[in-house]
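Biologist: I would be grateful for a close look at a single part of this model, the sheet, together with an account of the chain that surrounds it. Please describe how its strands are arranged and what packs against them.

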Amino acid sequence: MLQTWLTRELGIALPIVGAPMGGRAGGVLAGEVSRAGGIGMLGAARYTTPEWVERESAIARDLGGRFGVGLMNWALAEDDSLLEAALAAQPTMVSLSFGDPAPYVGRVHAAGACAVSQVNTLEDLRQAEAAGVDAVVAQGSEAGGHTGRIGTLPLLQEVLEAATVPVLAAGGIGTGRGLAAVLAAGAEGAFIGTALLASPETIGPDYAVARLLKAESTDTVYTDVFDKARNQPWPSRWLGRAIANDFTEEYHEAGRTEEELAAQYDPALPERGVVYAGQIAGLVHDARPVAEVVSSIARDAERLLSRFCGM
Ligand SMILES: Cc1cc2nc3c(=O)[nH]c(=O)nc-3n(C[C@H](O)[C@H](O)[C@H](O)COP(=O)(O)O)c2cc1C
């Protein structure tokens, strides 16, 4: 079995985290990842509500026992009610990403949860360590959703060299090969996001799964257009990786103003609405249940890593 710091610390069978994904990862997805042996996280985006967190946490707990919640530090600074709701639901793990986690780590620990933070640079690593997180997640630029600008492999290596806390990896990990690679490098586990997004347990618009299944690894774009169109005031250092569509093409070619963008955005239309997804989209070919995706990634990683046993 694939035993690491993560599996021992949380008492789980597999070093796999169902990544927090705002708008796509609710209680059913998170619960199914946990039921399959990993730990699944709710994506508590800034635009969601404490009531949603409370309701989806209960669903995740009923399905899988353990669950986590992913929050965004820059958004908590203006309103921490999502953190309050998350901690009241007694999660096993809380992810405090995108900004300084220092104001929140003590509250997560006081609630008995493990605090982790996705980091995109060595400076983020130092900030997260100073804040007292239990582990960091090196999140590479190939990840779906909001992320930094350094690729997973170079970032993971430099974070592993420098970190004093356990390190997980995120970004572009969607098969047993990817999981085996980051575990072999020294990571304690992986955040898996995009590879779960074709599963029927996701939430979000109907067209999102079809667009993901059609996308190749070359079809994503790193952009702030959807933040501008949806009035989400993300700090400028984090853009989001999404599947390119008419909206991203028009924006990047025509240089529209934020007001024009907001007026033209329509999430009901597949060629305008956002589908955040990473470069591993090119390997997501089927709409398989979450448990099947998680189990096959773990099984294939174990088989690949066993090649080196006894060397
Ligand atoms: C649709 C989508 C939404 C996301 N929303 C969040 C979020 O709300 N909070 C967060 O910390 N990370 C978010 N992420 C990033 C993931 O937690 C994770 O880093 C990423 O999915 C890993 O890369 P992968 O997509 O290549 O597996 C999101 C990713 C996706 C694909």
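Modeller: A contact here means heavy atoms within 4.5 Å. By that criterion, among contacts in the protein chain between residues at least 6 apart in sequence, 64% join residues at least 24 apart. The model is a predicted one, and its protein chain comprises 14 helices and 11 strands.

The part you ask about is a closed barrel of 8 strands, whose order is β1-β2-β3-β4-β5-β6-β8-β9 and whose pairing is parallel. From one strand to the next, the twist averages 30°. Helix α7, which spans residues 122-131, packs on this sheet and touches both β5 (114-119) and β6. The direction of α7 makes about 165° with that of β5.

Strand β6 also serves to illustrate the pairing in detail. Residues 135-139 form β6, residues 167-170 form β8, and 4 bridges join these two parallel strands. Within this pair, Q139 stands opposite A170 in β8. In general, the strands of a sheet pair through backbone hydrogen bonds, either parallel or antiparallel.

As for the surrounding chain, 56% of its 311 residues count as buried. The accessible surface of the protein chain comes to about 12,700 Å², and carbon and sulfur atoms account for 50% of that area. Taken along the principal axes, the C-alpha atoms fill a box of roughly 60 × 40 × 40 Å. The radius of gyration of the protein chain is 18 Å, which agrees with a compact globule, because a globule of 311 residues would have a value near 19 Å.

Conventions
Residues numbered from 1 in each chain as written. Predicted model: local features only at pLDDT ≥ 70, side-chain atom pairs only at ≥ 80, totals over all residues. Heavy atoms only, no water. Pairing = 2+ DSSP bridges. Axes fitted to C-alpha atoms, helices over the stretch in contact; angles between N-to-C directions. Rg over C-alpha atoms; globule rule 2.2 N^0.38 Å. Buried < 20%, exposed > 50% of the residue type's maximum accessible area, 1.4 Å probe, protein only. Areas by Shrake-Rupley, 256 points an atom, 1.4 Å probe, with all protein chains shown as cover.
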